[in-house]
Amino acid sequence: MLLFVILAIPLAAGATSFAARKRRAMEAINLAGFAALFLLAAALGAKILRAGSVQLWNGFLAADSLSALVVLLTAFVALACSVYAVGYFREDERNHVFEANVRGAATISSLRNYYSLTPLFVFAMLLVALANNLGVMWVAIEATTLASVFLISFYGRATSIEAAWKYAMIGGVGLSMALFGTILTYYSAHHVLETETLAGLNWSVLVVNAPLFDKTTMKLAFILILLGYGTKAGIAPMHTWKPDAYSEAPVPVAAMLAAAVLNCALYGLIRFYVLTTRCLGPEFASQLLIIFGLLSVGVTVPFVLVQKSFRRLLAYSSIDHGGIMILGLAFGGALGALGMLLHLTFHSITKPLLFFCAGNVEQYLKTDLFRRAKGGLIHSMPVSGPIFLMATLAVTGIPPFSLFQSEFTILRAGFGGPLLWPPILLIVLLVVIFIGFLVHIAKLVLGEDPGLPPADLCPWKKYSLIGLASVVVIMGFWLPGPLFDLIRNAAQVVGGER
Amino acid sequence: MITLMAAFVLVLQIAMVGQRWLVTNIRVFAAQSFLLAGIANTIAYFNHAPHLYIAAFLTFSLKAVVLPIVLERLVKRVGIGQEIAPIVNVPLSLLISGGLTTVGYIVAASFHHPEESASPASLGRNTLAVAVSLFLIGFFMMISRRKAIMQVLALLSLENGLFLAAISLTYGMPLIVELGIFFDLLVAVMVLGILVYRIQETFDSMDVTKLSRLRG
């Protein structure tokens, strides 16, 4: 029942927002909906900790600790973004962005698009985590793409339409590969299970029988799934849509793409990873994942160093983190899985903060190019400036912040493995990325006062920023016990122990 | 019988690569989907897989009727030129498609399962090989065509290949999954159609090579 309510809330919020007449009503519906969703997601987490797993409708919907973790993070990101979005779009309206860009559409209808598509987008992400059936999961992942295409082209600029087109096309091709992989998995299970009902693709059924599957087919299936869901997660070399989409979408949408959709795509990959390792042993998947993971982190390096726009810089950071998580999975063992899920959690909490800061700076300067900014933002933006710098340190994995702990765990798992060069290479790349990132943002934030008028920050933006920043700081020192238990249990699911 | 129909599907796919007019291409796609629905019906009949009738019906109504009409309307509405303007010229495209078909047969050879051989519904390797070839040629069309609508069409024929793979390997996916896939497909074409319209409006052209402002 809880699972049903969790899925029903965003749908209802989307429908009522669509029917609403006033901006205030749409804002209130979204805020209330996502607040309720977050509470229910926390309740689901608590229930899973007690009961282990929950099922509904003959196992059509099912949640174990891994799904509960992804649901919780999705709800958290959605809530944070909905609070920030209120301030963000009000400022857009004050800046007359809508009249200038959206052709022939009044402000209210653009906002209606945002406030009704976002809950739909969140619904699709939740369905990814809660669908037991791998086919339904594919449908849901495709639905996240379809729901977000018009969120990316929101501003209607030529560049945002270009970004949306690339996103839809690359995503479409990627997901068709994932569908092929799903069909092949179904095929290799078909001979073992002898069933043509829905249960033949239910993960909870497949995972038990995985050792009996046809090995050649599973190999091909995993390659296709890795390419497919890897495209959705923005793993190199299928990452090319990411900088475009992240820099053209409105900031709350970009934050959700970076912090929540990434989780969903990796979640899909993890489900198949577990089946593949059960069937073929860990080596096969591990080798592939190491290549793709290192490639993702490596591709980021040159683009971070010469980056011209801070919105695109954030997209490359997201490719980098996707790569790190893939490497956590690749290094494997209990430690690698734990490191990966810790990283997933901390990344989802830290990334939106970085996007919100970048959004504030962009709205203030009216540009996202480094060369047009004169530096010294700390003087005119006493809140966003320092937090931007802090978030940068946090996201590049500097010790007091939590992403350091998870990267450290992943590296320890790497050094425990048979190959030494991948973790060593990872350290080198991470250091270079850290330097490049910090130089860019420090130049933007620090420096002499260029004499700009002080930014006026509306309470919605200010408190969402300060609230999220305090969560990030607290997480650096203290991870709540139940949350850690949930992550540890989920890591056992990834490791195939549960 | 199924092998024959599958061969026709492949021929139509290559015809799509080989000819230049947009509207004809949409009709070829419709014919291909019609054949696919026929294959699904045949398999459903011989293998007593009743849920495949529904999939066949959906393939027919959606891919052979509704989507082609939607796409043709879109072509008329944006009033674009008829030629598809490929990046790779037609003879070379045909040659590459031939090569990809060979690859399809090689890939399918690794999926040998001996128990299905002599029955009239024998699916065998041929159908799977055709499916893989459709998938690969669809890919090739996506990267070698400039018109946005052509890319949508390529994506759809790629999806046709997947459907064929699904019915030839396992008599189709479970019904709910199949329904979900069809629903996604329908929404995808709507979304892409609107985007195509906006591209035309903004760039005054449907040439996707003009979408190149975002770099780095």
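1. In this predicted model, the face of α4(B) turned away from its buried side carries a set of exposed residues, namely P91(B), L92(B), L95(B), I106(B) and A109(B). The buried residues of this helix, by contrast, are S93(B), S97(B), L100(B), T101(B), G104(B) and A108(B). Because these buried residues cover an arc of only 110° around the axis, they fall on the same side of α4(B).

2. The length of this helix was also checked against its geometry: α4 of chain B comprises 20 residues (residues 90-109), and at 1.5 Å a residue these should span 28 Å, so the 29 Å between its end C-alpha atoms agrees with expectation.

3. As for the chain that holds this helix, chain B has 7 helices and 0 strands, and its elements accordingly read α-α-α-α-α-α-α from the N terminus on. Of its 216 residues, 47% count as buried. Among contacts in chain B between residues at least 6 apart in sequence, 76% join residues that are at least 24 apart.

4. Turning to the interface, 36 residues of chain A are in contact with 34 residues of chain B. On the side of chain A that touches chain B, the elements giving two or more residues are α6 (134-152) and α7 (158-193) of chain A, and it is α7(A) that gives the most, with 18 residues. The residues on this side of chain A divide into 21 nonpolar, 9 polar and 6 charged.

Conventions:
Residues are numbered from 1 along each chain as its sequence is written. Chains are lettered from A and ligands numbered from 1 in the order in which they are written. This is a predicted model: local features need pLDDT of at least 70, side-chain atom pairs count only at pLDDT 80 or more; totals for chains, interfaces and linings use all residues. Two residues are in contact if their C-beta atoms, placed from the backbone, lie within 7 Å. Helices (H or I, at least four residues) and strands (E, at least two) are DSSP runs, numbered from the N terminus. Ala, Val, Leu, Ile, Met, Phe, Trp, Tyr, Cys and Pro count as nonpolar, Asp, Glu, Lys and Arg as charged, and the others, Gly among them, as polar. The expected span of a helix is 1.5 Å times one less than its number of residues. A residue is buried if 20 or more other C-beta atoms lie within 10 Å of its own, exposed if 12 or fewer, and partly exposed in between; C-beta atoms are placed from the backbone. The arc is that of the directions from the helix axis to the C-beta atoms.
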